[in-house]
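Colleague: Please take one part of this model and go through it closely, strand by strand and contact by contact, before moving outwards to whatever surrounds it. I would rather have one connected account than a list.

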Amino acid sequence: MRVGLTYDLRSDYLKEGYSLEETAEFDKEDTITGLARAIGAHGHDVDRIGNVKALVARLGQGHRWDLVFNIAEGMRGIAREAQVPALLEAYDIPCTFADAGVLTLCLHKGYTKAVLQAAGVATAPFAVVEREADIARVALPFPLFVKPVAEGTGKGITPRSIVRDAAALKPTVSELLKVHKQPVLVEPYLTGREFTVGLFGSGASARTVAAMEIHLGAKAEPGLYSLSNKENYEDRVTYTIATDALAREAERVALAAWVALGCRDAGRADLRAGSDGKVYFLEVNPLAGINEQTSDLPIMWRMLGRKYEDLIGIILDESMTRVKR
């Protein structure tokens, strides 16, 4: 099978003048090389395409693929993760992971939480601040947690994201609005155990991989899984596979969210317990990082004693089975 590979290479954007934080979600060369090797290990012919602009050019030249393994994040807009899947759909070319509609929905954390509230999935109350005038209408108990509504990889999350009183809320939210040029999600700051749950499949065939608990060390920015903590996880973060009752509840909530949102093939959901002892959905990543060494889903998979090639094989099998239905 001829498998195209779409991705955003971080070094390309850095050469164009974008900052390290702006490109934090994009992939390094070792990710692309390792992924291509793993796909090829299953007997497929891998064609490295690149980003959405490269895909446009290749499609215009008449190139086609049996399947595209898509990990392109996109650069601009709420629908940036949907650009490659939408384009491929127009050409009737199947791709891995979620479709364009689901990727757009899930990138906007406010939309995601609203859908899950309607579906009865446990998620904390929240407010979406579109402009500074909205800050005065936030009626949630302190401490609060604030972050850009449509970023990943911990972008925009710093120690200032934990807001402990009304005096700190306006300047913190105003800065996020200015810097990230998008709405800000405001929700209660949850202080309990934090999990990321791996997921496979879709609909009735969806299932969890495991619940990986996140433990912040002494060198970590305290209280939050920030961009800085993620990028320096070797010195700051310890991971364990959790199997107790709270972890099983985290898996149950994650699976309910995954199915309700229409995610597919593979990904992650992040959850945290509150002071009431209940587990709450934080966000879902239907286009999860796939670096063999540093991304959460492969880390979890490795901790279970499984090989990276097996993980990629399951994703390929899920997508091909779905396409053949």
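**Strand β8 and its surroundings**

Modeller: Strand β8 is joined to strand β11, residues 266-273, by 7 bridges, and the two run antiparallel. What follows describes a predicted model throughout. Within that pairing, F200 of β8 has A266 as its bridge partner in β11. Strand β8 is also joined by 7 bridges to strand β9, residues 207-216, again in antiparallel fashion, and here E194 finds its bridge partner in I214. As a general matter, strands of a sheet pair through backbone hydrogen bonds, in either a parallel or an antiparallel manner. The β8 and β9 strands form a hairpin with 6 residues between them, and in the turn G201 takes a positive phi of about 80 degrees.

The burial of this strand deserves attention: β8 spans residues 194-200, and 7 of its 7 residues are buried. Its side chains are divided between two directions, with E194, T196, G198 and F200 pointing one way and F195, V197 and L199 the other, and all of them are buried.

G198 is a useful position from which to look outwards. This glycine lies in strand β8 and is buried, because its relative accessible area is 0%, against a cut-off for burial of under 20%. If neighbours within four places in sequence are left aside, G198 is in contact with R207, T208, V209, A210, G267, L297 and M300. There is also a long-range relation in the sequence, since G198 and P298 are 100 residues apart along the chain while their C-alpha atoms are 9.3 Å apart in space.

That brings us to helix α11, residues 296-303, which is mostly covered, with 6 of its 8 residues buried. The buried ones are D296, L297, P298, I299, M300 and W301, and what covers them includes β8, β9 and β11, together with α9 (233-236), β10 (237-242) and α12 (308-324). After α11 comes G305, whose phi is positive, near 85 degrees.

For the wider setting, consider the nonpolar cores. The largest has 65 residues, of which L35, F69 and I312 touch the most other members, and α10 supplies its largest share, 8 residues. Leaving aside neighbours within four places in sequence, L35 is in contact with L5, F69, I71, I290, Y308 and I312. A second, separate core of 14 residues includes A127, V138, L176 and V184.

Elsewhere in the chain, an open sheet of 3 strands is ordered β2-β1-β3, with parallel pairing. Strands β2 (45-50) and β3 (67-70) stand at its edges with a single partner strand each, so one side of each is left without a neighbour in the sheet. Direction ignored, neighbouring strands of this sheet are turned by 30 degrees against each other on average. The parallel pair of β1, residues 2-6, and β3 is joined by 4 bridges, and V3 has L67 as its bridge partner in β3. Helix α3, residues 52-60, lies across β1 and β2 and runs at about 115 degrees to β2.

Helix α5, residues 100-107, offers another case of burial, for its buried residues are A100, V102, L103, C106 and L107. These cover an arc of only 165 degrees around the axis, which puts them on the same side of α5. In general, an α-helix has 3.6 residues a turn, so residues three or four places apart point the same way. What covers the buried residues of α5 includes α4 (83-90), α6 (109-119), α10 (245-261) and β12 (279-285). At the start of α5, a side-chain oxygen of D99 reaches to within 3.2 Å of the backbone nitrogen of G101.

The loop between α5 and α6 holds H108, which is buried because its relative accessible area is 5%. The side chain of H108 reaches the backbone nitrogen of Y111 at 3.0 Å, and, residues up to four places away in sequence not being counted, H108 touches I78, V149 and A150.

To return to the part you asked me to choose, β8 is the strand whose 7 residues are all buried, with antiparallel bridges to β9 and to β11, and it is among the elements that cover the buried residues of α11.

Conventions: Residues numbered from 1 in each chain as written. Predicted model: local features only at pLDDT ≥ 70, side-chain atom pairs only at ≥ 80, totals over all residues. Heavy atoms only, no water. Buried < 20%, exposed > 50% of the residue type's maximum accessible area, 1.4 Å probe, protein only. Arc of directions from axis to C-beta. Contact = heavy atoms within 4.5 Å. Polar contact = N/O pair within 3.5 Å; in protein donor to acceptor, adjacent residues only side chain to side chain. Pairing = 2+ DSSP bridges. Axes fitted to C-alpha atoms, helices over the stretch in contact; angles between N-to-C directions. Core = buried A, V, L, I, M, F, W, Y, C linked by side-chain atoms within 4.5 Å.
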